[in-house]
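This report covers aromatic pairs, long-range contacts and surface character. Please look over the chain below before reading on.

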Amino acid sequence: MMKFFRECIARSGSMDFAVLFMRLFAGGMMLLHNIGKIQNYNEIIGSYPSFLFIEQQAVFAIVTTVEVLLALLIVVGLWVRAAAFWMAAGILALLAWSGFEDGELRFVWLGVYLFLVISGGGTYAFDRTDSAREGEN
């Protein structure tokens, strides 16, 4: 089994696996984060703001749904740059809204999503274009 992994890494380069790992890690962690938010709904709903005529419960549902959809896009490798961009924008909005409370962790996640904006989905993404494949041959 180890021989298989070594051959795969040697054949396609370690950067391709690094991008794949980062996609799976970031998307998977965001999915777990949202499961935790849903499980602790009663404790955290008060921390969500109300915008205009939208109540806290609706803001929670919208934010959670968007985060789950973007995380799934990142995991499967569809529109990775756009999904990571919107995740990074959400983190920046959160920093602007609440200041730098817990700022270190948010900056780490901002760095992860900016990495994905720069790298894209990589070789093992579903949205990899045919033109990118032709350039390698």
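Is Phe 21 buried or exposed? Phe 21 is exposed, with a relative accessible area of 54%. The model behind this value is predicted.

**Aromatic pairs**

The count of aromatic pairs comes to six. One of them joins Phe 21 and Phe 25. This pair is stacked, at 5.8 Å centre to centre and with 20° between the planes. Both residues belong to helix α2, which spans residues 14-39. They sit four residues apart, about one turn of the helix. Phe 25 is partly exposed, because its relative accessible area of 35% falls between the limits of 20% and 50%.

Phe 25 also pairs with Trp 109. Here the rings are stacked at 5.9 Å centre to centre, with 5° between the planes. This pair links distant parts of the chain. Phe 25 is in helix α2, while Trp 109 is in helix α6 (residues 103-119), 84 residues apart. Trp 109 has a relative accessibility of 18%, so it counts as buried under the 20% limit. Ring pairs also bring in Tyr 113: Phe 21, Phe 25, Trp 109 and Tyr 113 are linked into a cluster.

**Accessibility of selected residues**

The table lists residues from the sections of this report.

| Residue | Relative accessible area | Class |
|---|---|---|
| Phe 53 | 84% | exposed |
| Phe 21 | 54% | exposed |
| Phe 25 | 35% | partly exposed |
| Val 75 | 22% | partly exposed |
| Trp 109 | 18% | buried |
| Ala 125 | 8% | buried |
| Thr 64 | 7% | buried |

**Helix α4 and its partners**

Which residues does Val 75 contact beyond its sequence neighbours? Leaving aside residues within four places in sequence, Val 75 is in contact with Arg 23, Leu 24, Gly 27 and Gly 28. Val 75 itself is found in helix α4. Its C-alpha lies 5.5 Å from that of Arg 23, though the two are 52 residues apart in sequence. Val 75 is partly exposed, with a relative accessible area of 22%.

Thr 64 also has its place in helix α4. Why does Thr 64 count as buried? Its relative accessible area is 7%, and buried means under 20%, so Thr 64 falls in that class. Outside the four-place window in sequence, Thr 64 is in contact with Asn 34, Lys 37 and Ile 38.

**The loop after α6**

Ala 125 lies in the loop between α6 and α7 (130-136). At 8% relative accessibility, Ala 125 counts as buried. Ala 125 touches Arg 23 and Gly 77, with residues up to four places away in sequence not counted. Arg 23 is also among the contacts of Val 75. The C-alpha atoms of Ala 125 and Leu 20 are separated by 7.9 Å, with their positions 105 residues apart along the chain.

**A nonpolar surface patch**

Which residues form a nonpolar patch on the surface? They are Phe 51, Leu 52, Phe 53, Ile 54, Ile 62, Val 66 and Trp 97. Together they have about 860 Å² of accessible area. One member, Phe 53, is found in the loop between α3 (41-44) and α4 (56-76). Phe 53 is exposed, with a relative accessible area of 84%.

How values were computed
Residues are numbered from 1 along each chain as its sequence is written. This is a predicted model: local features need pLDDT of at least 70, side-chain atom pairs count only at pLDDT 80 or more; totals for chains, interfaces and linings use all residues. Side-chain values use heavy atoms; hydrogens and water are left out. Patches are made of residues with over 30% relative accessible area and no salt bridge: like charges are joined within 9 Å, nonpolar side chains (Val, Leu, Ile, Met, Phe, Trp, Tyr) within 5 Å. Accessible areas come from the Shrake-Rupley method with a 1.4 Å probe; for residues, only the protein chains shown count as cover. A salt bridge is a side-chain nitrogen of Lys or Arg within 4 Å of a carboxyl oxygen of Asp or Glu. Helices (H or I, at least four residues) and strands (E, at least two) are DSSP runs, numbered from the N terminus. Buried means under 20% relative accessible area, exposed over 50%, partly exposed in between (1.4 Å probe, protein chains only). Contact means heavy atoms within 4.5 Å. Rings of Phe, Tyr and Trp (its six-membered ring) pair if their centres lie within 6.5 Å; planes under 30 degrees apart count as stacked, over 60 as edge-to-face and the rest as tilted.
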